[in-house]
Amino acid sequence: MEEDFDKLSTNSIAFIGLASEYCKAVEAARESEPDAFIDTMSRLLPRLYIVATDIKTIPDADSYLYQSMDKDYYESVRHNMEMLLGPDDTYLEVFEADMKYSDTPISASIAEGLADIYQEMFNFIASVRDVPNLLANEMISACKEDFESFWGMTLCNVLRAIHNIRYSHE
């Protein structure tokens with residue numbers, strides 16, 4: 001069955017909405033309480049993963065997301081989340097490629113992982129805003145490719161750490 005990429009699917013619309021909701025939640029981290037932020041992320045990340053998994057892409061689309069976010073803004077967002085999470089920001093990473101050669105644990109940062117996902121969502125929203133549906137579907141295809149190769153695994157790793165924080169604290 002041939003897909004009609006001149007229209008946005010329900011799943012594509014849901015993905016755009018979730019990407020926007022995720023960006024707003026990350027941007028609001030500075031004013032959030034740690035428990036409320038963890039609760040929000042523990043609800044948003046699985047939904048984002050499921051919707052991204054279900055995205056139908058344009059075959060052989062040669063698209064990419066415009067890199068709209070500058071380094072200083074990325075660092076500001078990451079720093080705000082790092083300060084919010086405090087000592088809970090660091091977790092042990094088990095899917096690091098070098099882990100199999102290491103005798104010592106490799107640590108990772110929740111804030112950095114969330115900021116990496118945020119950068120992808122920010123660039124996606126900036127790319128997809130005010131473009132025709134066919135171009136929006138190409139941007140969605142580009143984001144799905146990035147999901148498969150990078151930010152999907154980051155999301156899973158960060159979600160594991162967030163789950164630990166949410167359900168291990170008294």
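This passage describes two helices, the salt bridges and one buried acidic residue of the structure above. The model is predicted, so local features need pLDDT of at least 70 and side-chain atom pairs count only at pLDDT 80 or more, while totals for chains, interfaces and linings use all residues. Residues are numbered from 1 along each chain as its sequence is written, and side-chain values use heavy atoms, leaving out hydrogens and water.

Helices here are DSSP runs of H or I with at least four residues, and strands are runs of E with at least two, numbered from the N terminus. Helix α2 (residues 34-53) spans 28 Å between its first and last C-alpha, close to the expected 28 Å; the expected span is 1.5 Å times one less than the number of residues. Helix α5, by contrast, has 36 residues with end C-alpha atoms only 44 Å apart, short of the 52 Å of a straight helix. A bend of about 65 degrees occurs in α5 at Phe147, taken as the angle between axes fitted to the seven residues ending there and the seven starting there.

Several residues of α2 are buried, including Phe37, Met41, Leu45 and Val51. Buried means under 20% relative accessible area, exposed over 50%, and partly exposed in between, with a 1.4 Å probe and protein chains only. The cover over these buried residues includes α1, α3, α4 and α5.

Side chains of opposite charge can pair when their charged atoms come close. A salt bridge is a side-chain nitrogen of Lys or Arg within 4 Å of a carboxyl oxygen of Asp or Glu, and the count comes to four. One of them joins Glu21 and Arg47 at 3.5 Å; this pair links α1 to α2, 26 residues apart. Arg166 and Asp39 meet at 3.1 Å, linking α5 to α2 across 127 residues. Within helix α3, Arg78 and Glu75 lie three residues apart, about one turn, and their closest N and O atoms are 2.3 Å apart. Arg78 counts as buried at 15% relative accessibility, whereas Glu75 is partly exposed at 35%. Glu75, Arg78 and Glu82 form a network of salt bridges.

What, then, is the nearest side chain of opposite charge to Asp89? It is Arg78, 5.5 Å away, and Asp89 is buried yet has no salt bridge. Asp89 sits in the loop between α3 and β1, and its side chain reaches the backbone nitrogen of Ala111 at 2.7 Å. Beyond its neighbours within four places in sequence, Asp89 has contacts (heavy atoms within 4.5 Å) with residues including Glu82 and Ile110.

Methods:
Lys, Arg positive; Asp, Glu negative; His and termini not counted. Polar contact = N/O pair within 3.5 Å; in protein donor to acceptor, adjacent residues only side chain to side chain.
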